[in-house]
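Please open the model in the viewer and keep the selection panel at hand. The tour proceeds from one selection to the next.

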Amino acid sequence: MVNTNIEKVPYPVPPLGLCLLASVLEDRFKVKVYDGVFDEGKSLVETVSAFAPDLIGFSIRNIDDVVAEKPLFYIDRIISDFIAPVKKTTSAPIILGGSGFSIFPKELMNMTNADFGIVGEGEDIFPELLMRIDKGDEITSLPNVITRNCTGLQYSEPVAFFRNNRFKYSEIDRQIDFTPYLQKGVYSVQTKRGCSHGCIYCTYPSIEGKKIRRRTPGDIANEIEQAGERLGLITFEFVDSTFNDPKGHAEAICREIIRRKLKIRLRTMGINPRNTSEELFELMVLAGFTQIDATPDSASPLVLKNLDKGFNLPEVEKMALLIKKFNLPTMWFFLFGGPGETRKTFFETIEFIDKYVNQEDLVYMNSGLRIYPNTPLYNIALKEKVISAGQTLLYPPVFYYSDKCGRDEINFLIREAARSRYNCLPSSETIPSPEMIKEAVLMQKDMNLNEPMFRTLLRIRRRRL
């Protein structure tokens with residue numbers, strides 16, 4: 001199984017999904033995971049030749065970098081550096097999967113000429129597909145499986161993950177060489193799958209399903225404790241779409257970690273403002289959280305409503321005050337240009353940033369909303385004639401901009417707002433130079449700074465402006 005992701009910004013992410021699958025498969029199959037994050041395909045042919053697989057799976061995590069101004073399309077390189085060289089080396093059938101693939105399964109099957117693909121999670125379907133291929137049995141009846149020529153795809157809501165306590169730990173460090181991740185990377189952990197929210201641009205519900213399926217706090221703590229014993233002091237990242245959904249689950253996880261007195265570092269991708277409380281943040285700090293991401297997307301009441309975020313501005317303000325009170329380093333993410341965006345709503349968000357966001361925290365200012373199939377935004381864009389029926393959205397990527405505040409105006413406003421705010425960065429300028437990273441590493445060492453890298457980079461940026 002091949003991890004084709006080579007993106008290392010803002011930090012390298014280990015192939016959690018592949019490692020989970022490997023843990024499931026290895027009871028019945030001989031499995032090897034190739035991680036392309038750092039090797040970038042250089043030793044893949046040699047690895048395939050030595051292993052001589054009967055079947056090869058390629059995970060496609062990212063389609064592009066979701067930056068409207070300077071889009072970086074990953075698929076061409078995935079084909080040229082990973083899939084094409086393997087095809088020249090072996091005739092073993094090729095199976096595609098992963099979150100990126102699950103958004104554009106038919107297009108990617110056609111581009112790669114793969115034999116099979118799995119849409120969504122594969123813990124149940126993948127082993128069954130492998131057995132049927134091995135026996136030469138019929139395949140088209142398997143749910144969420146697509147074959148060459150794009151036949152046989154029958155969508156089914158995922159239900160298997162975490163069911164009946166059959167969850168197996170990924171043991172990422174056993175499946176791949178984890179050494180390169182120790183300095184800048186994280187150890188990824190899922191506490192649940194599924195998202196019940198309706199954010200108009202989001203693909204999580206179509207990939208993971210709308211029903212939330214939770215792991216028990218004890219099981220999550222067991223996985224973290226065991227990985228910590230193997231690897232020492234590392235950073236664990238909860239990679240759920242929103243960590244604190246449903247209400248009470250995040251608190252229970254933190255309490256279990258605190259009860260065990262685990263000495264660990266934690267961070268999480270997303271916090272839902274509606275379910276924040278002083279109790280939650282106090283527990284998170286006591287459990288070992290050193291950084292969080294906040295993704296309200298807007299601070300305009302109108303835009304929040306149009307994006308169908310499921311929370312309101314007072315709840316976003318409450319979350320911001322709690323972040324400041326508990327001094328939790330935070331990366332904030334805002335999307336500008338969505339339905340109903342105007343100059344007025346843009347500056348409502350800027351006023352929120354000025355009033356509520358710690359200047360030591362990073363603010364990502366994203367221009368436009370990437371349009372994906374099977375999302376409410378797709379239907380809005382179709383109705384407004386931003387896209388046409390049957391139009392491919394794989395490449396070039398298509399972004400939605402409000403008809404009341406278009407692309408050029410949004411980009412101008414973002415640049416002007418960032419010019420006078422050193423902690424605000426347009427999404428097209430968020431990759432620091434190698435020289436800046438090197439300077440930040442030295443600064444952390446010389447000043448004995450125990451802070452997230454983004455805060456050190458902001459120190460340098462503030463000094464340069």
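Two strands are said to pair if DSSP finds at least two bridges between them; helices (H or I, at least four residues) and strands (E, at least two) are DSSP runs, numbered from the N terminus. This is a predicted model, in which local features need pLDDT of at least 70 and side-chain atom pairs count only at pLDDT 80 or more, while totals for chains, interfaces and linings use all residues. Residues are numbered from 1 along each chain as its sequence is written, and side-chain values use heavy atoms, with hydrogens and water left out.

**The seven-stranded sheet**

Select first the open sheet of seven strands, whose order is β7-β10-β11-β12-β13-β14-β17, with parallel pairing. At its edges stand β7 (187-189) and β17 (424-426); each has a single partner strand, so one side of each is left without a neighbour in the sheet. From one strand to the next, the twist averages 20°.

Next, select residues 235-238 and 265-268: these are β10 and β11, which pair in the parallel sense over four bridges. Threonine 235 has arginine 265 of β11 as its bridge partner.

Now add residues 217-231. This is helix α11, which packs on the sheet and touches β7 and β10; contact means heavy atoms within 4.5 Å. The direction of α11 makes about 170° with that of β7. For such angles, axes are lines fitted to C-alpha atoms, for helices over the stretch in contact, and the values run from 0 to 180 degrees between N-to-C directions. Then select helix α18 (residues 407-419), which also packs on the sheet, touching β13 (330-336), β14 (362-367) and β17.

**The six-stranded sheet**

Move to the open sheet of six strands, ordered β2-β1-β3-β4-β5-β6, with mixed pairing. Here β2 (34-35) and β6 (145-147) are at the edges. Select β5 (residues 116-118): β5 and β6 pair in the antiparallel sense over three bridges, and phenylalanine 116 stands opposite threonine 147 in β6. Helix α7 (residues 125-135) packs on this sheet, touching β4 (94-97), β5 and β6.

**Helix α19**

Finally, select residues 434-446, helix α19. Which residues of α19 are buried? They are Met436, Ala440, Met443 and Gln444, where buried means under 20% relative accessible area and exposed over 50%, with partly exposed in between (1.4 Å probe, protein chains only). The buried residues of α19 pack against α20 (453-464). On the other side of α19, Pro434, Glu435, Lys438, Lys445 and Asp446 are exposed. Asparagine 448, which follows α19, has a positive phi, near 55°.

Terms used
The expected span of a helix is 1.5 Å times one less than its number of residues.
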